[in-house]
Structures are given as structure tokens and as C-alpha cells.
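Please open the model in your viewer and keep the sequence at hand. The stops below say what to select and what is there.

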Amino acid sequence: MAYAAYREPPGATPAVRETAFHVLDVTVASVDACRVRRSLAACEGVGVLRCEPLLHTHAACEHAAPRVRLMVRLPLSRYAEVLHAVLACVPDGEIGALTSWRAHLRRCGVTHGG
């Protein structure tokens, strides 16, 4: 089961929304997900939008443990802080592409959200 909670900053205009936030996919072993989420919660302006279990067995993590993909919403200015937070708290995983908020919404099937 996955969940999603999308939110936009109060009073943001469409042009500001596109440049203000980005989404970074981070894949870690499911047993590490809570630790990563707590670490990211300490980063100002950063939040986990979605925690999605990956059901296929092509795990890149060291022990081929069940994995989850965290979709992390962040201001571009916090990118280095987010990378440091993830790398400091988990032994291995995958850091995916950084996408714009608009591209993330399109990927999720929302064509008019921003």
C-alpha cells in the first residue's frame, strides 16, 4: 500500500511552484525507510510525498531486502542537505533523478496541477 499527500505553499503562483520545489526519488531497504524519513523531517522545507513499496525482486540494495521508493519534495537550495541526510543514515540505496514539481505531477498523472 502506498500513500500520497501533495501540498503547495500558500499563495504560490504557477511560475513560483515550478521553480520553488523539486522531487527526488530515494530508494532504500524498507527497514531503513523510517530512519530516512526521520532524518529528512529534520531538514527545513523538506517532506516525503510518497513512500512506495517496490514489489519486484531486482533489488540494488546489498542484501536484496524489500525496498521502498521515497519521493522527497525539497527546495533546490536544500539538495545537498538532503543528500547528506540520506547518506549519513543508511548503508546503501539509490538516489534517483531530481525532477521539477511540474514534471513530478505529470508523472503522477496530474495534468493541470502546476
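## Starting at Glu44

Select Glu44 to begin: at 59% relative accessibility, this residue counts as exposed, where exposed means over 50% relative accessible area, buried means under 20%, and partly exposed lies in between, with a 1.4 Å probe and protein chains only. Before moving on, note that this is a predicted model, in which local features need pLDDT of at least 70 and side-chain atom pairs count only at pLDDT 80 or more, while totals for chains, interfaces and linings use all residues. Residues are numbered from 1 along each chain as its sequence is written, and side-chain values use heavy atoms, with hydrogens and water left out.

Now add Arg78 to the selection, and the side chains of Arg78 and Glu44 are seen to meet in a salt bridge of 3.4 Å, N to O; the term stands for a side-chain nitrogen of Lys or Arg within 4 Å of a carboxyl oxygen of Asp or Glu. Arg78 lies in the loop between strand S3 (67-75) and helix H3 (79-89), whereas Glu44 lies in the loop between helix H2 (33-41) and strand S2 (47-54), so the pair ties together parts that are 34 residues apart in sequence. Helices (H or I, at least four residues) and strands (E, at least two) are DSSP runs, numbered from the N terminus. Arg78 counts as partly exposed, at 25% relative accessibility.

## Other salt bridges

Next select Arg69 and Glu52, whose side chains form a salt bridge of 2.8 Å, N to O. Because Arg69 lies in strand S3 and Glu52 in strand S2, the pair ties together parts that are 17 residues apart in sequence. With a relative accessible area of 24%, Arg69 is partly exposed. If you then show Glu44, Arg78 and Glu81 together, you have one network, joined by salt bridges that share partners.

Move on to Arg35 and Asp32, where a further salt bridge spans 2.6 Å, N to O. Is each partner buried or exposed, or something in between? Asp32 counts as buried at 7% relative accessibility, while Arg35 counts as partly exposed at 41%. By the rule given above, the count comes to five salt bridges.

## The strands around S3

Select S3 next, which is mostly covered, as eight of its nine residues are buried. Two strands pair if DSSP finds at least two bridges between them, and strand S1 (residues 21-29) pairs with S3 in the antiparallel sense over nine bridges. To look at one position, select Val26, which stands opposite Leu70 in S3. S2 also runs antiparallel to S3, and seven bridges join these two; select Val48 to find its bridge partner in S3, Val72.

## A loop, then the whole chain

Select Ala42, in the loop between H2 and S2, which counts as exposed at 65% relative accessibility. Adding Ala85 gives a C-alpha separation of 8.8 Å, although Ala42 and Ala85 are 43 residues apart along the chain.

Finally, select the whole chain, which has four helices and four strands, running α-β-α-β-β-α-β-α from the N terminus on. Of its 114 residues, 33% are buried. Where contact means heavy atoms within 4.5 Å, residues 24 or more positions apart account for 79% of the contacts in the chain with a separation of 6 or more.
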